[in-house]
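Hello,

Here is the structure I promised to pass on. Please have a look, then read my notes below.

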Amino acid sequence: MKFTTNNFAQSIYFLSLFDQYRYQLFNSIFPIEMKGILKIYHPDETLKYHIQSTYCKAVYSNTQHFLEVEIITDDSLDHVDDDSLQYNFPQISINVFDFPIEDAELVGKTFEIKDEDADNYTGADLFDDKDVFLTDSKLVFKNDSSGELELFWEGNITDFYTGSDQPIPFKLKCNFKQDEIVVEED
């Protein structure tokens with residue numbers, strides 16, 4: 001077989017189809033339930049991240065309750081266009097740590113977090129060496145129809161895509177439903 005640019009392009013196309021098939025086959029055998037979605041409203045495009053894992057707890061320490069939240073997106077890019085800004089940053093983690101709250105009850109509560117130089121309660125990680133900051137966070141906790149805790153989080157994030165000085169708005173909706181681990185017996 002003579003090697004040509006056309007053969008090479010066909011081979012790459014076939015491999016990409018094979019990878020998509022393998023991914024779909026894996027997900028049909030081991031389905032992973034999406035826990036929510038994070039949308040970042042960049043002026044050039046709306047970026048959509050699927051949430052892989054969530055953690056939320058009201059921690060009691062030294063006569064004070066503190067809110068701890070961690071949201072991690074998956075790094076799947078199957079739903080993303082080839083020229084998307086998201087390809088450079090496929091995964092994000094955002095969190096709240098040591099934020100003082102009145103009591104351990106979260107359902108029906110709204111928390112507005114204004115980070116300042118002295119008090120910083122939110123963070124973001126790109127799994128990269130870039131610094132990213134969250135500002136003007138508003139967290140609303142509710143129960144869904146099945147009684148599971150849900151979080152609606154709005155705020156702004158540093159424009160790590162293009163480096164603009166203007167922060168980008170984001171919205172997040174997720175649940176904290178316990179993952180069900182199924183173990184088959186032989």
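Helices and strands here are DSSP runs, at least four residues for a helix and at least two for a strand, numbered from the N terminus. On that basis the protein chain has 1 helix and 9 strands. Their order along the sequence is α-β-β-β-β-β-β-β-β-β. Keep in mind that this is a predicted model.

Overall numbers: the protein chain has 186 residues, and 35% of them count as buried. The exposed surface comes to about 12600 Å², with 49% supplied by carbon and sulfur atoms. Among contacts with a separation of 6 or more, 56% link residues 24 or more positions apart.

Now the core. The largest nonpolar core contains 38 residues. Ile40, Leu67, Phe141 and Trp153 have the most contacts inside it. Two or more residues each come from β1 (36-41), β2 (46-61), β3 (64-73), β4 (93-101), β5 (110-113), β7 (134-143), β8 (149-157) and β9 (168-175). The top contributor is β2, with 5 residues.

What does Trp153 touch, leaving aside neighbours within four places in sequence? The list is Val69, Ile71, Ile94, Asn95, Val96, Leu134, Ser137, Lys138, Leu139, Phe170, Lys171 and Leu172.

One more residue: His50. It is found in strand β2. Is His50 buried or exposed? Its relative accessible area is 22%, so it counts as partly exposed; buried would need a value under 20%. His50 and Leu172 are 122 residues apart in sequence. In space, their C-alpha atoms are 9.9 Å apart.

Best wishes

Key. Residues numbered from 1 in each chain as written. Predicted model: local features only at pLDDT ≥ 70, side-chain atom pairs only at ≥ 80, totals over all residues. Heavy atoms only, no water. Core = buried A, V, L, I, M, F, W, Y, C linked by side-chain atoms within 4.5 Å. Buried < 20%, exposed > 50% of the residue type's maximum accessible area, 1.4 Å probe, protein only. Contact = heavy atoms within 4.5 Å. Areas by Shrake-Rupley, 256 points an atom, 1.4 Å probe, with all protein chains shown as cover.
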